[in-house]
Amino acid sequence: MRRTPARTACLTAAVLLASLAAAPGPAAARDLPDTYVVSRTPGVLPEGITITRDGTMYVSSDGTGALYRGRVGRPDLTPFPASGLEDRPSSLGVHTDRRGRILSVGGATLTVHDRKGRLLAERTAADGPLGAPHLNDLAVTDDAVYVTDWANPVVHRAEIRADGGIGPLEPWLDVRDAFPQFPARYWLLNGIVADASGTTLLVASNGTEAVWRVDTTDKGITRLDLGDQSFGADGMVLHGRTLYAVLNYGAPHGVYIARLDEELRTGTVTHRLTDGPFDLPTTLARHDCRLYVVNSQLDEPPGRPPYTVSALADPTCETA
């Protein structure tokens, strides 16, 4: 999920807690690659990632708009033949739903593809209060797709109907009321995740350097309390009550892990993984006690091939 290197306003920064010792992952994980090559083509600039239960990996390209597909057991990805992306110069967030469809966002559009790359749906977001949308990330629940807008302080929503059809992508929540004194243009909404029930969203705001909790039933929005520390997350993963977040500005680059309370209102950062071979990481996926982190190289476009994903052990997993 894209971020800007400069920022005009932010909340007070504080030192994040030191990480706890990392526990080794399962023995099988040691047989998997540590690095995955998304592409060796100049200018790809990978950005988003998702991994299905069977180990299929999808990675998006900020540089070209293309999608790439691979397997966790193989070190190289190949282009995913997703039709209809020819006119979308950038793809950011990418996720799958329980039907196995691949959903991705970029520019003003949300697209839905089947596993063969056939375009099933395309939805376009309307302009927001500040102008044209710049869709950044998405969270998929049983009944909806929620999409953040980098250019507007708005979360968009598309209904997933009972037959699997995707409704129109419409403005759903204007977040400005949660922090009225903060300049609207600097909210910079980024990563978004949903709990298993789909009743709670966590939305990262680069500008406020905070994560915001949203109740999907009444649209109530409050700041996730992680103590006094600044937490300007980029991409995120929520696994039960554990929040995994990539930070890449205002703190050492890497993966930060927080343990949250049952209502996802408060939490404590327990691990800070900053020693990996990161190259401006943007987001991550979790699969079988491993974390897969995208190395975007967005700080120096077009970057230098190969463009990669780094894998590391999830320190929250129990020792095998």
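A disulfide is a pair of cysteine sulfur atoms within 2.5 Å. Keep that cut-off at hand for the exercises below, which use a predicted model.

**Exercise 1. Find the disulfide, give its hand, and place it in the chain.**

Step 1: count. Searching the whole structure turns up one disulfide.

Step 2: identify the partners. C289 and C317 are joined, with an S to S distance of 2.1 Å, and the cut-off is 2.5 Å.

Step 3: read the torsion. About the S-S bond of C289 and C317 it is about -100°, so this disulfide is left-handed.

Step 4: locate the two ends. C289 sits in the loop between β22 (281–287) and β23 (290–295), while C317 belongs to the segment after β24 (307–313), so the pair ties together parts 28 residues apart in sequence.

Step 5: check the exposure. Buried means under 20% relative accessible area. C289, at 16%, is buried, and C317, at 8%, is buried too.

**Exercise 2. Describe the chain as a whole.**

Step 1: list the secondary structure. The chain has 24 strands and zero helices.

Step 2: look at burial. Of its 320 residues, 56% count as buried.

Step 3: turn to the surface. The chain exposes about 13,500 Å², and carbon and sulfur atoms supply 49% of that area.

Step 4: consider how contacts span the sequence. Among contacts in the chain with a separation of 6 or more, 52% come from residues 24 or more positions apart.

**Exercise 3. Characterise the largest pocket: its volume, its lining and the strands that contribute.**

Step 1: start with the volume. The largest pocket holds about 1,400 Å³ of space.

Step 2: go to the lining. It is made by 39 residues, and those nearest the centre of the pocket are T50, I51, R53, T96 and V140.

Step 3: sort the lining by class. There are 17 nonpolar residues, 11 polar ones and 11 charged ones.

Step 4: trace the lining back to strands. At least two lining residues come from each of β2 (46–51), β3 (56–61), β6 (94–96), β10 (135–140), β14 (189–194), β18 (236–239) and β22.

**Exercise 4. Work out the surroundings of two buried residues, Y58 and L224.**

Step 1: place Y58. This tyrosine is in strand β3, and its relative accessibility of 4% makes it count as buried.

Step 2: collect its contacts. With neighbours within four places in sequence left aside, Y58 touches G48, I49, T50, T52, Y68, R69, F80, V94, T96, I102 and R115.

Step 3: follow one of these partners. F80 is 22 residues from Y58 along the chain, and their C-alpha atoms are separated by 8.2 Å.

Step 4: place L224. This leucine is in the loop between β17 (221–223) and β18, and at 3% relative accessibility L224 counts as buried.

Step 5: collect the contacts of L224. Beyond the neighbours within four places in sequence, they are V211, W212, R213, L243, L260, L264, R265 and T266.

Step 6: follow one partner again. L224 and L264 are 40 residues apart along the chain, with their C-alpha atoms 7.4 Å from each other.

**Exercise 5. Pick out backbone features in the loops on either side of β22 and β23.**

Step 1: inspect the loop between β21 (267–273) and β22, where L280 is found. The phi of L280 is near 45°, a positive value in a residue other than glycine. L280 is also buried, with a relative accessible area of 11%.

Step 2: move to the loop between β23 and β24, which holds Q297. Q297 is not a glycine, yet its phi is positive, about 60°. Its relative accessibility of 9% means that Q297 counts as buried.

Step 3: look for cis peptide bonds. One joins P301 and P302, with omega about 5°. Another cis peptide bond joins P305 and P306, with omega about 0°.

Step 4: place these prolines. P302 lies in the loop between β23 and β24, and P306 is likewise in the loop between β23 and β24.

Step 5: draw the loop together. Between β23 and β24 you can now mark Q297, P302 and P306. To finish, add the disulfide from Exercise 1: C289 is in the loop between β22 and β23, and C317 is in the segment after β24.

Technical notes
Residues numbered from 1 in each chain as written. Predicted model: local features only at pLDDT ≥ 70, side-chain atom pairs only at ≥ 80, totals over all residues. Heavy atoms only, no water. Buried < 20%, exposed > 50% of the residue type's maximum accessible area, 1.4 Å probe, protein only. 1 Å grid on protein atoms, 1.4 Å probe; cavity = no way out; pocket = protein on both sides within 12 Å on 5 of 7 lines; lining within 4 Å. Points joined across faces, edges and corners; volume = space filled by probe spheres on them. Nonpolar A, V, L, I, M, F, W, Y, C, P; charged D, E, K, R; others polar. Contact = heavy atoms within 4.5 Å. Areas by Shrake-Rupley, 256 points an atom, 1.4 Å probe, with all protein chains shown as cover.
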